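Here are some exercises to work through with the structure open in your viewer. Try each task before you read its solution.

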Amino acid sequence: MADEDDGFIGMPPGILDSGTFKLPPKAERPRAPEREEIVFVPTVPGMPVPPVPQAPVDADTAAWSAPVSHETQRAIPDPADSPYAAPVVPTPADFTPPAAAAPPPAATASGVPVAPTPAPVPAGWRLVLADGSEASVERALIIGRNPVAFDQWPGAVLLPVVDTTQSVSKTHAAFEVDDSGLWVHDLNSTNGVWVVHGEDVTEAAPGRRVRVPEGSSVELGDYVLQARRG
């Protein structure tokens, strides 16, 4: 006779309990305060404009800044009238300065010219997404649940991600690569962008980019991805 059921109900064959693979909740990140807007005071026609306060001027400064009369200017000798002044050589009207010659290419020991070495191309970067897939960042990449293009990054790759918590904005952030490395921009997202590298946590406030070191994590709301190089 088979043992009686102990009350435990298992999952059907072939179906895994997704709760087993859930990541621990991400730490809450405080957002930076919004910048105060600049208030412009309208000018009413006919309203007198208050004078601008001037810094005090001492007697020596006042003497140097005092206007000079025409008689005084005529009494000041012209350096060009000196008998020791260098003669002025007129420049022909059709004179064209010679163009700077390009430096000759470097030569090897055998005397054969060598072409100049091209500028190095930035090493490739890739993003490891939360589901384990990877996306390369050649020049620029815009990420979100349904991202749209930006004029600031023409030709950028649009990378949509699946976020069941809806913490990622439709167009959340932009990654760009230049000669100095990988950078991230917050595109006015709802839940912010943070770069976590070891113990250092840096918020990418909208309007300024933040460097993404190799091996660091980037938090887009509750969505976390990894930055890898090569």
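**Exercise 1.** Find which backbone oxygen the side chain of S216 reaches, and describe the surroundings of S216.

*Solution.* Step 1: the side chain of S216 reaches the backbone oxygen of P213, at 2.6 Å. This is a polar contact, a pair of N or O atoms within 3.5 Å; within protein, one must be able to donate a hydrogen and the other to accept it, and residues adjacent in sequence count only if both atoms are side-chain atoms.

Before going on, note that this is a predicted model: local features need pLDDT of at least 70 and side-chain atom pairs pLDDT 80 or more, while totals for chains, interfaces and linings use all residues. Residues are numbered from 1 along each chain as its sequence is written, and side-chain values use heavy atoms, with hydrogens and water left out.

Step 2: place the residue. S216 lies in the loop between β9 and β10; strands (E, at least two residues) and helices (H or I, at least four) are DSSP runs, numbered from the N terminus.

Step 3: check burial. With a relative accessible area of 1%, S216 is buried (buried means under 20% relative accessible area, exposed over 50%, partly exposed in between, with a 1.4 Å probe and protein chains only).

Step 4: list the neighbours. Beyond four places in sequence, S216 touches V195, V196, H197, L225, Q226 and A227, where contact means heavy atoms within 4.5 Å. S216 and A227 are 11 residues apart in sequence, yet their C-alpha atoms are 5.7 Å apart.

**Exercise 2.** Work out the strand order of the six-stranded open sheet and which strands stand at its edges.

*Solution.* Step 1: the order is β2-β1-β11-β10-β7-β8, with antiparallel pairing. Two strands pair if DSSP finds at least two bridges between them.

Step 2: β2 and β8 (200-203) are the edge strands; each has a single partner strand, so one side of each has no neighbour in the sheet.

Step 3: look at the antiparallel pair β1 and β2, joined by four bridges. R126 stands opposite S136 in β2. Their hairpin has five residues between the strands, and G132 in it takes a positive phi near 95°.

Step 4: compare the faces of β2. A135 and V137 are on the covered face, E134 and S136 on the uncovered one.

Step 5: move to β10 and β11, an antiparallel pair that is also joined by four bridges. Here E219 has V224 in β11 as its bridge partner.

**Exercise 3.** Which residues touch the most other members of the largest nonpolar core, and which elements give it two or more residues?

*Solution.* Step 1: a nonpolar core is a set of buried Ala, Val, Leu, Ile, Met, Phe, Trp, Tyr and Cys residues joined through side-chain atoms within 4.5 Å. The largest one has 25 residues, and L127, I143, F175, L182, V184, L220 and L225 touch the most other members.

Step 2: the elements giving two or more residues are β1 (125-128), β2 (134-137), β3 (140-144), β5 (173-178), β6 (181-186), β7 (193-197), β10 (217-220) and β11 (223-229).

Step 3: note a second, separate core of six residues, with A140, I142, A174 and L187 among them.

Step 4: follow L225. Leaving aside neighbours within four places in sequence, L225 is in contact with L127, V128, L129, I143, F175, S216, S217, V218 and L220.

**Exercise 4.** Trace the five-stranded sheet, then decide whether E176 is buried or exposed.

*Solution.* Step 1: the open sheet runs β4-β3-β5-β6-β9, and its pairing is mixed. β4 (157-160) and β9 (210-211) each have a single partner strand, so these edge strands have one side without a neighbour in the sheet.

Step 2: β5 and β6 pair in the antiparallel sense over six bridges, with D186 in β6 as the bridge partner of A173.

Step 3: E176 is found in β5. Its relative accessible area is 16%, so E176 is buried.

Step 4: trace its polar contacts. The E176 side chain makes one with the side chain of W153 (3.3 Å) and another with the side chain of R209 (3.1 Å).

Step 5: complete the neighbourhood. Not counting residues within four places in sequence, the contacts of E176 are R139, A140, W153, G181, L182, W183, H185 and R209.
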